[in-house]
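Good morning, and thank you for coming. Please have the sequence and the structure open while I speak, so that you can find each residue as it is named.

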Amino acid sequence: MHTANYWADDYVKKTCKAADAIGRIRPGQRVFIGSSCGEPQHLVRVLSNASENLADLEVVRLMALETTPLTLIANKTKGASLNIRQFYSGSAKPKAIARQARFLTPMNLSAVPRLFKSRRLPIHVALVQTTPPDDFGFLSLGVSVDITLAAALSADLVIAQVNPQMPRVMGRSFLHVNDVDLFVEYDESLVPLGKTPDSSAADTIAKLIARLIDDGSTIQIGPGTTPKATLDAMKDKNDLGVHTQYLTDPIMHLFSRGVITNRRKGFNDGKIVASSAVGSNNLYEFINDNPAIEFHPSDYVNDPAVIARHDRMVSINVAMAIDLTGQVAADALPYNHFSGVTGMLDFIRGSAMSEGGKSLLLLPATSTQGKKSRVVPLLEDTAVVVPRSDVNYVCTEYGVVNLFGKSLQERALAMISIAHPDFRDELFSQAKRMGILGPEQVQKGAITGVYPLRLEETLEIDGEVVTIRPAKPVDARRIQEHFYDLEADDVAARFFHRKQRFDQEEVGGVSQVDYINNLTILAVVGEFGFGRVVGIGEYLLDPAVNMAEVAYSVSRSWQRKGVARLIQQKLAMGARDKGIAGLLAYTSPENQGMIGLFHGLPYRVKTRVEDEMLVLTCRFDEPAADE
C-alpha cells in the first residue's frame, strides 16, 4: 500500500551538496541550464569542474552572459567533452558571438518550450534556481521562467539550487517540491545586468520614438542603451501597459512614476506580464511578491496570438543592420548577450496583428566608432532575423520611416533618408546599380540634409490630428497627390498660372530639400507613413540677398483653419535657425489671403509692385513692434 509523503519531509531527504547532485549526471546526457539572470551559478561552477569526467555532455541554454564560461571549455576540448546548444536567432557577427557560432540553434522563443515538452529534444537533466519552498511546498523560478519552466517540467532529473536571494514572482513561475529531484541550498547574489553605456544617438532615437507611442499602449521592449533611453523618454505618457520578454529597471521606474498602470491593455489588465527579469538588485526586490507582476513561460508571453490580443500593442526592438529593401539583421550587444533577438519576430508579428498595434525597429545610423553605416545596400553575408515583409517602422537618430506597404524604390529612398549623411551618396549610387531606384531619381539636397526635428509639431484642428513637419524624400508621391487635388483657382494662386500636370521633377524639387537653402513644411493628416498632405509651404534661398522666397498651398477643405499660418511659422523658424535674413513672397494684388497671412508675421512687412506682382518682404531683425 502506497503512503504519500509530506512534501516538507521529502524536501529534507532530497537536499544534498552540489557535488553529489552533479554526480548524478551521466556522460552523453543533455543538460539544460536556467536562463539569463536566473542562472544557477553555483551548480554551473560545479558542473564546469566536473565536465572533464563527463564525455559528450550537451548543455542547452538561452544565449547569456556566462558566469562560468562553459563555451571556453568546449573550445579547449574541441567539443569532445562538452557541446553547447544555445537558442539564438541573431547573425553572430560580434566577435564574442562568432567564436560560439557553431553552438547556436536559431529558433523563435515561442517554439522552444514545445521542443522540450514534445521530447523532440529530450532534456535529461535541468539545472534551475528557485526560491525556498513556501508554506505549501511551491518554489518560484523567480527572475527566469521563459523556457526554464518547460525544461524543468519535461526533464528526467531536476536539480534546483535553492537561493534565498531569488525573488518570488507571481504567475506561472512555480514548481512544487514534488517536481524536483534534488535540492542544493546555496545563498548567492543573482546575476546583475551591467550598466549600459550612454549614447547621444540613443537619446535622439528615443525622442523620435516617444512621439509614436500613444497613451494607453502596451509595450514590449528589451534591455540595452537605446531601449533604456526610449523608456526614459516616455515619462510623460499615461496608462501604458507592459507585455514583454524582459522586465528591466527602466520599466520599474516608469511603474513607480505611475506611467505604467496596465489599466488599458485589453488583455491581462492590471498586470505587467513578462517571462524574465534582467537588471539590478532593486529590480529583483521590486518583483518579489508584487501582485502587479506576473511571469509566464515563453510559449505564452511570446505567442503572437497572445501578443495580438492587447490593444495598441507596440513592439520596440533594436536592430544591428537594415538593408535598403527592409531586411533586418539583429544581434546581442557586447555588453548584453541576452537573447532579446530570439523573441523579436514573435513580437513584431504579434504587434502587427494587434488592434492599433505597431512594431518599431531602432538602430543607431553607424557603428560605435562611426566608421560603418548600419543602413547597408543589401544583407548578403548576414543572417536575416526579420524578413522585409514584416518590417514597419524604422528609426535612426536621423528620422523615422514606415516601410509597410512601400515599394522597393520607396523603401530605398526612405532608408537612405535616415542613414548617416556621410553614407547617403554611396547608398544612393548602390541602389541605382541594384536597380531599385529608377533613372528619374536624382540626388538632391535631402540626400545629405539632416531632418530638423525641432520644426515638427502635432496638434488637433477641428477634432483631427494634424502633424506640421518638414518634408522628407518619401513624401514625393503624396505631395504630387496634394497638387492634383487642389482647386484650379488655388493652383493658379500657388503657381501663378493654370496647371494640369505636376511631374516627378517638379515634385522632387519640393520633397528633396536640404533643410538649409530650401525647406518644405507639410501639414499631414492620417496614419504615420500613410498620411495625406493638406498643406504645403516652401522656401527657396536667394543667396544674393540672403532672403528666402516662400509659397503656400492648402487644400480647399482645410482653408481658413490656421494651417497656412502654422506652416509659415515653421518656415520662419527654420529660416532663422539657418541664419537667413528674412522672407519674401510674390503674389497677385487680389490674393488677400496671402497678403493677410504674410502680415500675420511678427515682423515689419514691406510692400512693392514689380511687373504687376505684389512683392512682400520682411526681415527677422525688424520686429513689427518697431513700427
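Let us begin with R349, in what is a predicted model. Is R349 buried, partly exposed or exposed? Its relative accessibility is 35%, and a value between 20% and 50% falls in the middle class, so R349 counts as partly exposed. R349 is part of helix 14, which covers residues 344-353. Which residues does R349 touch, once its neighbours within four places in sequence are left aside? They are P387 and D390. Another residue to look at here is V386, which is 37 residues away from R349 along the chain. The C-alpha atoms of R349 and V386 are separated by 9.8 Å.

D390 leads us to a second residue, S359. S359 belongs to strand 20, residues 358-362. With residues up to four places away in sequence not counted, S359 touches S315, I348, S351, D390, N392 and Y393. D390 is thus a contact of R349 and also a contact of S359. As for accessibility, S359 has a relative value of 2%, and therefore it counts as buried.

Let me now place these residues in the whole chain. The protein chain has 627 residues, of which 59% count as buried. It contains 21 helices and 31 strands. Consider next the contacts between residues at least 6 apart in sequence: 70% of them join residues at least 24 apart.

I turn to pairs of helices, starting with helix 15, residues 408-417, and helix 16, residues 421-434. Their axes are 10 Å apart, and the helices pack at an angle of about 165 degrees. An angle over 145 degrees counts as roughly antiparallel, and therefore helix 15 and helix 16 are described in that way. Their crossing is right-handed. On the side of helix 15, the contact is made by A412, L413, I416 and S417; on the side of helix 16, it is made by R424, L427, F428 and A431. What classes do the residues of this contact fall into? Six are nonpolar, one is polar and one is charged.

Helix 16 deserves a further word. Its buried residues are P421, R424, L427, F428 and A431. Among the elements that cover these buried residues are strand 21, residues 375-376, and helix 15. One can also check the length of helix 16: at 1.5 Å a residue, its 14 residues should span 20 Å, and its end C-alpha atoms are indeed 20 Å apart, so the two values agree. Just after helix 16 comes G435, with a positive phi of about 80 degrees.

The second pair is helix 8, residues 200-210, and helix 9. How do their axes meet? They come within 8 Å and cross at roughly 45 degrees. This makes helix 8 oblique to helix 9. The crossing is right-handed. From helix 8, the residues A202, D203, I205, A206 and I209 meet T225, T226, A229 and T230 of helix 9. By class, five residues of this contact are nonpolar, three are polar and one is charged.

Helix 9 appears again when we come to helix 10, residues 249-256. In helix 10, the buried residues are D249, P250, I251, M252 and L254. What covers them includes helix 9, helix 11 and strands 11, 12, 13 and 14. Just after helix 10, G258 takes a positive phi of about 85 degrees.

Both of the residues that I mentioned just after a helix are glycines, G435 and G258. Most residues other than glycine have a negative phi. For that reason, two further residues call for attention.

The first is S36, which is not a glycine and yet has a positive phi of about 50 degrees. S36 is in the loop between strand 1 (30-33) and helix 3 (41-50). Its relative accessibility is 3%, so S36 counts as buried.

The second is R560, a residue other than glycine whose phi is near 65 degrees, again a positive value. Where is R560 placed? R560 is in the loop between strand 28 (547-554) and helix 20 (563-577). Its relative accessible area is 83%, and R560 is therefore exposed. To set the two side by side: S36 is buried, whereas R560 is exposed.

Thank you for your attention.

Definitions and conventions
Residues numbered from 1 in each chain as written. Predicted model: local features only at pLDDT ≥ 70, side-chain atom pairs only at ≥ 80, totals over all residues. Heavy atoms only, no water. Axes fitted to C-alpha atoms, helices over the stretch in contact; angles between N-to-C directions. Helix = DSSP H or I, 4+ residues; strand = E, 2+ residues; numbered from the N terminus. Parallel < 35°, antiparallel > 145°, perpendicular 65-115°, else oblique. Left-handed = near helix turned anticlockwise from the far one by under 90°. Contact = heavy atoms within 4.5 Å. Nonpolar A, V, L, I, M, F, W, Y, C, P; charged D, E, K, R; others polar. Expected span 1.5 Å × (residues − 1). Buried < 20%, exposed > 50% of the residue type's maximum accessible area, 1.4 Å probe, protein only.
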